[in-house]
Amino acid sequence: GPLAPGLKCYLPVAAARGALMYVQAVGWQQGRKDKIDLEAGHLKDKAGLYTCPAAVPGQKAFHATLQVHEEPINVVTREGALITQPEYVLRFAPPLTISNLLPFDIEVVVTDAASVSTATDPARFH
């Protein structure tokens, strides 16, 4: 089933060889155009923006960014030797995250290409 916000899913390396992964947000179509090749040699190249097309007329597409982090892990081989191998962590996030690290309020106005550029309802961060 769907992976809920904040949850993790582990995929054994043997299961991922030659596999492709597609993103589908619940309520949108599967992003068939944006496939993720799970081969370790190609995985870092797949970081970027992914789009799930609208499922119903009038609905906007859903966008998410994929961040690929390579983290070293220690593994014991069958022979008992300790080796270091990469583990890849895939993180899906909103395409834009705004954090106010200043000691005072700021006003931020974000518009997209289809929006009318006005400052009547700025987002407030505290």
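Which residues does Thr65 touch, not counting residues up to four places away in sequence? In this predicted model, the list is Gly48, Leu49, Arg91, Phe92, Ala93, Pro94 and Pro95. Thr65 itself sits in strand β4. Thr65 counts as buried because its relative accessibility is 17%, and buried means under 20%. The side chain of Thr65 also makes a polar contact. One of its polar atoms lies 3.5 Å from the backbone oxygen of Pro94. Pro94 thus appears twice for Thr65, once among the residues touched and once as the partner in this polar pair.

The overall layout of the chain comes next. The chain holds two helices and seven strands. Read from the N terminus, the order of elements is α-β-β-α-β-β-β-β-β. The chain has 126 residues, and 14% of them count as buried. Contacts can also be sorted by distance along the sequence. Among contacts in the chain with a separation of 6 or more, 30% join residues that are 24 or more positions apart.

Some of the buried residues form a core. The largest nonpolar core contains ten residues. They are Ala19, Val23, Ala25, Ile36, Leu38, Leu43, Tyr50, Cys52, Leu66 and Val68. Two or more residues of this core come from each of the strands β3 (48–52) and β4 (62–76).

Two members of the core illustrate its surroundings. Leu43 is one of the ten core residues. With neighbours within four places in sequence left aside, Leu43 is in contact with Ile36, Asp37, Leu38, Val68, Tyr88 and Leu90. Of these partners, Ile36, Leu38 and Val68 also belong to the core. Ala25 is another core member. Ala25 lies in the loop between β1 and β2 (35–37). Ala25 is buried, since its relative accessible area is 15% and the limit for buried is under 20%. With neighbours within four places in sequence again left aside, Ala25 is in contact with Cys52 and Phe62. Cys52 is itself part of the core. Ala25 can also be placed relative to Ala64. The two residues are 39 residues apart along the chain, and their C-alpha atoms are separated by 9.2 Å.

Strand β4 also holds Gln67. Gln67 has a relative accessibility of 36%, so it counts as partly exposed. Partly exposed lies between the 20% limit for buried and the 50% limit for exposed. Outside its neighbours within four places in sequence, Gln67 is in contact with Val89, Leu90 and Arg91. Lys46 is 21 residues from Gln67 along the chain. The C-alpha atoms of this pair are separated by 8.4 Å.

Strand β5 offers a further case in Gln85. Gln85 counts as partly exposed because its relative accessibility is 38%. Not counting residues up to four places away in sequence, Gln85 touches Glu71, Pro72, Ile73 and Val75. One of these, Glu71, is 14 residues from Gln85 in sequence. From C-alpha to C-alpha, Gln85 and Glu71 are 8.4 Å apart in space.

Beyond β5 comes a loop that contains Asn100. This loop runs between β5 (82–93) and β6 (106–108). Asn100 counts as buried because its relative accessibility is 17%. The side chain of Asn100 makes polar contacts with backbone atoms. One partner is the backbone nitrogen of Leu102, reached at 2.9 Å. Another is the backbone oxygen of Phe104, also reached at 2.9 Å.

The model also contains a pocket. The largest pocket has a volume of about 1900 Å³. It is lined by 40 residues, of which Leu3, Cys9, Met21, Leu90 and Phe92 are the closest to its centre. By class, 29 of the lining residues are nonpolar, five are polar and six are charged. Several elements supply at least two residues each to the lining: α1 (13–16), β1 (20–22), α2 (40–43), β4 and β5. The largest share comes from β5, with nine residues. Two of the residues closest to the pocket centre, Leu90 and Phe92, also appear in the contacts described above. Leu90 is in contact with Leu43 and with Gln67, and Phe92 is touched by Thr65.

Methods: Residues numbered from 1 in each chain as written. Predicted model: local features only at pLDDT ≥ 70, side-chain atom pairs only at ≥ 80, totals over all residues. Heavy atoms only, no water. Core = buried A, V, L, I, M, F, W, Y, C linked by side-chain atoms within 4.5 Å. Buried < 20%, exposed > 50% of the residue type's maximum accessible area, 1.4 Å probe, protein only. Helix = DSSP H or I, 4+ residues; strand = E, 2+ residues; numbered from the N terminus. Contact = heavy atoms within 4.5 Å. Polar contact = N/O pair within 3.5 Å; in protein donor to acceptor, adjacent residues only side chain to side chain. 1 Å grid on protein atoms, 1.4 Å probe; cavity = no way out; pocket = protein on both sides within 12 Å on 5 of 7 lines; lining within 4 Å. Points joined across faces, edges and corners; volume = space filled by probe spheres on them. Nonpolar A, V, L, I, M, F, W, Y, C, P; charged D, E, K, R; others polar.
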